[in-house]
Every structure is written in structure tokens, then in C-alpha cells.
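Grab a pencil and open the viewer. Here are a few exercises, each with a solution worked out step by step.

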Amino acid sequence: MKIRLKLFFALFFASLGLFAWQAPTVHAETTYTIGTDVTFPPFVYANSNNKYVGIDMELIRSIAKEEGFKVDIKPLGFNAAVQSLSSGQIDGVIAGMTITDERKQTLDFSTPYYESGIVMAVAPSSKITSLKGLKGKTVAVKTGTQGAAYANSIKDKYGFKVVTFDDSDNVYNDVKTGNSAACFDDSAVLNYGVKTGLGLKVVTKPADVGQYGFAVKKGQNQKLLKMFNAGLAKLKKNGKYDQIIKKYTGKTATSKTTKSNSEDRTFLGLLRQNQKAILNGILETLKLTIVSIICATIFGILVGLLGVLPNKFARGASTTIIYIFRGLPLLVLALFIYNGIPSLTGTKIPAFVAGIITLTLNEGAYTAAFVKGGIDAVDSGQMEAARSLGLPFGKAMRKVILPQGIKIMVPSFINQFIITLKDTSILSIIGILELTQTGKIIIARNLEGFKVWAIIAVIYLLIITLLTLLSKWVERRIND
Amino acid sequence: MANLKVDVSDLNKSFGDNHVLKGIDFKVANNEVVVLIGPSGSGKSTLLRCLNRLEAPTSGEVSIDGRDISNIKTNIDQARENIGMVFQHFNLFNNLTVGQNIELAPVELGKLSKEDAAAQAKKLLATVGLEDKYDAKPQSLSGGQKQRVAIARALAMNPDIMLFDEPTSALDPEMVGDVLEVMKKLAKEGMTMVVVTHEMGFAKEMADRVVFMADGVVVEEGKPEDVFDHPQNERTKAFLDKVINV
Ligand SMILES: Nc1ncnc2c1ncn2[C@@H]1O[C@H](COP(=O)(O)OP(=O)(O)O)[C@@H](O)[C@H]1O
Ligand SMILES: [Mg+2]
């Protein structure tokens, strides 16, 4: 027992050490991690190669080139990006963010790089032509955006209800399906959408005109902010800025998306076009699954064994750990580790590591519970007989109890592995580009919700089937 | 007293509010066979389990071979190597073969090499009449066979005292004889034994002393012929009437 326990510990800490060692490299060579939205065309969106493009993307990349630093773009979604910025997980955010007094309390903004106002868009067949037409209706907006703030500020005056979504395509879809009567968004965004075949029409003049800025956490990364301002000034001077704006809002922008509209929209076509992105998503999901299964199993077995030691404190600790991490919703745990802890300690945790820690704690707690249960299910006479022969507790456990307990636990292990695989999808919330997040991003571009989610679902089922077959094979070998 | 194997004095044991053993004095000499009888729930098993600290005494002293078992500073694992125990429900290790059951403790505790342990296991199986079961799984044995393997397993550590807690109570009647034969053989070889049993025949034939317990106290003890034929205490009489009349 001792040797194997030591091995477990060694492995466990080695993997932790590996993560800890990974962390500082994020900051090396003045690479700045920049958070952005999943989709906010023409400012930020993934093109058909799933590369992030748009006004914001081209600006930040050009400025980085001008000023000699590197950027690592993280499409976290607007809300998550701002949260990650305030917790210090990322260095800056560029996501078509309007500069407001409220945001200035926690963020430092660059000089404005774009000016935009809020407009209202409705379905093509809609009879609504002004704000007055919204009485008693529902209006869709995106969480945390200026459009949402504007809608909320006038909803009482015009008597409508506001419903919020995390992604723009969900906002537009809600209007198209008729659930919502209208949506509010930045004029540049909606005009661009209308031009590229979004299927909505803009019916109001820009209101609540605001300016877009690049943001860093208040008092932090001032060097980055200065470089952004300097770079922006240079781009404006040398004409590159105008070039970028024109590329995405001028006439040429339309032709670009006609091409994307003629994409093959069959299942096979979608698969082919997004092959690389989906493959990467699968790989990331598999990586998360395998590493979490290993860590959670080790953690779970240790905590489970702690729970059967003949020591009150050990058992209490085990019960407490299980209670806490089984009780916390996975989503809350992921956000707490990724956003909560860094905002307290000031040290970044890479999303992948945060994801692994989340799954290790949560799945490990479930594992610990059935490890404990499996051991308790072995007849107590077995332990008594072993101890009566003079075998110490550890030896009796390892030679007699565990081999019997493990047989009882095997089906639970298999079940837990499958649950772990499925739970990796929740980590899309912290911006890990695994299968689910990949799906979200593809849909954000092509709006083929049904087909893409169907493809993603089938892939999950395929992986789960493989995992199940593998586990059953292992189970058979253990039982022989 | 140099030849005192078991020396229990003023032993008390409570489970919560349940005061199970109430000041027991209990002594066993070297090579003595003591049979412990008494109604169900009187504390016989608890007393036996206090002898190798499967139950920790609430108060009082238990010493085996002069070693203070009730003291938590005593290395209990070492002490248990010399105290064999046989359980009512055999408790053979289900994940191991018969041979491995017998070899586990001597090998794991560094008493014997694997080869020597295997040789010893075969010899012990022969003495309990099961030489052909070396490779069998416990699940394939009858109750009587299991209990004889359990005795062989306990003997493998070469103990100098054996504790039996109703070794034949879970057996079909036709199996009881085989197990009792093995126990008689042991007794004749001079093993010190404490046996909880309802087999009055065994007690009459083999016991040097019979101890009758009721309600957590020793009510009466003596030579088997005295206790069985001339019980002094009313409760002993009542108990014997019931047992013998079935
Ligand atoms: N582990 C235990 N926890 C609580 N009570 C117990 C435990 N073991 C025995 N007892 C109680 O102690 C009393 C004596 O039990 P026991 O020693 O098994 O009697 P006997 O073997 O004479 O039938 C009974 O009342 C029983 O319920
Ligand atoms: Mg009993």
C-alpha cells in the first residue's frame, strides 16, 4: 500500500507541478492574453477557417506588430472576457466595448477606436417601426452589452420586457422566430449583419451614441495600454486604420460574406468546412477528459481511502471534501476557480488547468464517495479476520479489502468516466476551445444551430461509445 | 504465574449505554482448553474479541502471555500473531484461493518465504483433511470445509493460543463432526484453546474447564462433569435444561 500510495502522491503532485510550471510561461516574451467576444461581427467573428477576424482583431494584431508585442486571442464571450479581465486572468479586452463611466470604475480604457450608437432591428415582416411599437412586447439583447443597458434604460418608458442571451446569434434567432419583437445592438454590428444577410431590418436611428475602447484592468497593464494608444495613432496616420474599417463596413464587406453564404450547408459540407476546428475540439475534449479522469481517480481514491481509515479526523476530512465538491454545481466551481480565486490572489490560472482542477475536485468527490461505499460494502468480517492474523491495517486493506472493493466499484468507475467526458462541455464557460465551445463558435458564424449541434451530439455519442467499450474491456480483464 | 496464558481482571465493556461485560475475571493456563457457554447476548463473543482487541476494553486488564493487550502502547499486530481466531462465519478471504488464504499472513509478515509458506499450507490442509483443495476458491467449498480452512489459516501463524467463536453454529449438522475432529486433534496436541460453543459433547469430552456466563458476568465455572452434572447456580441449571432438552 505504502509504495502505491507514494506513487499516487508523486503522480498527483507531479501533474500539479507541471501545471504550476506552465502558468508563468503565459506571460513570457511579452505575449499578452486578450479576451474577446465569441461573435460580434464586424468587430470580432470567426471566418470560415475559424480564424478570428474583424475590425477589433485586425486592429489589435496590427497594433501588436507596430509596437512589437504578441497577442494570444481568447474568444471567451463578452461577459466572461470582462470578468476574466477584472480577475486578472487576461491582460486586456477588445470586444466592441463601449466606454462608460460605470466601466471606468474598474477598467482603464484606451483612446476610442470606433464610434457607434444603439439601433433597433426587427424581423423583415414586422410592422414595428419605432420604439412606441414595443408596448407589451419582449426585446432581446446580449448580456452586458451597451444595447442591453440602453434597452433596460427605456423599457419602463416604452413598456416592454427584456430577455438576455449570451451570444448574438441567440439574440437574432429569438427575433427571427418571433419570440422577441425586436433587438437592440450597436449600429455597426446590426448594419453589417443586415448587409450580410442576417435576415433582420434596422428601423431606428443610432441613439445613445458611444465610443469603443480597448480595456485593461484599472491600474494594471498600463504599458500595454500606452502601446495600444501609440499603435492606434500610428495606424490612423499611415492609413491602415481606414483600410481596416473600410474592409469590414464598406461595400467590399458584402462580397466577402456572399462567399460565406454559398458555403455548403449540408451535414457533410459543414463537417468538411469545419473539419479542422472540430478535430481540434475533439482533441481538446479528449485531453481534458483523460487528464481529468486520471487526476480525479487518484484524488477520489485518496479521499475515499481517507474516509475508511480508523481515525475520526481523517473520516471527517473525507466526508467534508465529498460534501463540498459534490454539492457545488460544476459551473459555479469552474467560474470560482477560474475567475474567483485569481481575483483574490492575483495569480493567473490557465483555463485548461482551471478546468482540470474543477473536474478533479467535482468528479473526484463522486469517485471518493463510491470508493468509500465500495470498501464499506466488503463484509466487515474480512477485515477482522485479516487483522486477527496480525496483518496491519494497511496490508489488510491492500491485500484483502481493496481487491474485493474494487470489483464492486468498477461499474461506478466506468459510469464516472462517462460523466467526466460529458462534464468537460461545461468548461466551455471559461473559454476552453473544446468540442462544445467549438460548436458555439461555428454556429456563431453560420447560424446552422440544428445541424451543428446534431453533429456535435453525434461526436459526443461516438466518443462515449468508444470509452464505454474500452471500459468494459478493462472490466472483463479485472474480473478474470 | 508463569504458566498463565490468559489473565483477564475486572474487564468492563460497554457499547454506548449497553454495559455488556461487567467486571469479568477470566484466566486460562498454558495448554488448557476452556469452553465458554451461556445464553445468547451474554457477552461471550465480546469477551473473546477483547482477548485480541478486536474490541477495545472500556476498563480492566487483559494480558496474554504476560503481554498487556489492553494497553494501546502494546503492538497489537505483533501480539495477534500468536493469537489465532476462528469465526462463526469463517471469513475466508474471498479474493484469494484456499492456499493463498493460508499463506497470506506468514508471507506478508515476513515469517516464511513463499515456498515455505506453500509447503506449510499444504501440510496444514492435510491435517484438516483438505489436501486436494489447495487451488480451490473459498466460494466452491462447503461450510465445514471453509471452517477447516479457516482453522488452517489461523494455525499458519503458529499461534500458541486459539480462540473459537461458535465455530460450528453456522454449519449443517453433518459438517459439524469434521470441524470438531480437527479441534479435538488440536487440543490433544496441547494447544491452549478458548472455545465458545453450544456443542456440549465437545465440552464434556475435551474441556479442562467450563465457564458459564450470563448477563456479562461469569456465573459459574468448574470441571465439565461438575458444571454439567451438578450445576450450583439456578441460571446455569435453567440454561443447561434448555440446551440439553433440544
Ligand atoms: N459492535 C457492537 N456494537 C454494539 N453492541 C454490541 C456490539 N457487539 C455486541 N454488542 C452487544 O453486546 C451484547 C453481547 O453480545 P455478544 O458478546 O455478541 O453476546 P454472545 O456472543 O454471548 O451472544 C449484546 O447485547 C450485543 O447486542
Ligand atoms: Mg456470539
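The exercises below go from the interface to a sheet and then to a helix.

This is a predicted model, where local features need pLDDT of at least 70, side-chain atom pairs count only at pLDDT 80 or more, and totals for chains, interfaces and linings use all residues. Residues are numbered from 1 along each chain as its sequence is written, chains are lettered from A and ligands numbered from 1 in the order in which they are written, and side-chain values use heavy atoms, with hydrogens and water left out.

**Exercise 1.** Work out how many residues of chain B are in contact with chain A, and what area the two chains bury.

*Step 1.* Count contacts (heavy atoms within 4.5 Å): 21 residues of chain B touch 18 residues of chain A.

*Step 2.* Get the buried area, meaning the accessible area (1.4 Å probe) that two parts lose on being put together, summed over both. The two chains bury about 1,700 Å², with 57% of it on carbon and sulfur atoms.

*Step 3.* See who contributes on chain B: B:Phe93, B:Asn95 and B:Glu108 supply 30% of the area that chain B buries against chain A, more than any other three residues.

**Exercise 2.** Find the salt bridges across this interface.

*Step 1.* Set the rule: a side-chain nitrogen of Lys or Arg within 4 Å of a carboxyl oxygen of Asp or Glu.

*Step 2.* Apply that rule across the interface of chain B and chain A, and three salt bridges turn up.

*Step 3.* Zoom in on A:Glu384 and B:Arg49, which form a salt bridge with their closest N and O atoms 2.6 Å apart.

**Exercise 3.** Put the strands of the open sheet in chain B in order and find its edges.

*Step 1.* Strands here are DSSP runs (E, at least two residues), numbered from the N terminus, and two of them pair if DSSP finds at least two bridges between them.

*Step 2.* Six strands then line up as β6-β7-β8-β3-β9-β10, with mixed pairing.

*Step 3.* β6 and β10 (217-222) of chain B are the edge strands, as each pairs on one side only.

*Step 4.* Check one edge: β9 (residues 209-214) and β10 of chain B pair in the antiparallel sense over five bridges. In β10(B), B:Val218 is the bridge partner of B:Met213.

**Exercise 4.** Which salt bridge joins B:Lys184 to a residue of helix α6 of chain B?

*Step 1.* Helices are DSSP runs too (H or I, at least four residues), and α6 of chain B covers residues 173-188.

*Step 2.* The side chain of B:Lys184 meets that of B:Glu181 in a salt bridge (3.8 Å, N to O).

*Step 3.* Both residues lie in α6 of chain B, three residues apart, about one turn of the helix.

Conventions. Axes are lines fitted to C-alpha atoms, for helices over the stretch in contact, and angles run from 0 to 180 degrees between N-to-C directions.
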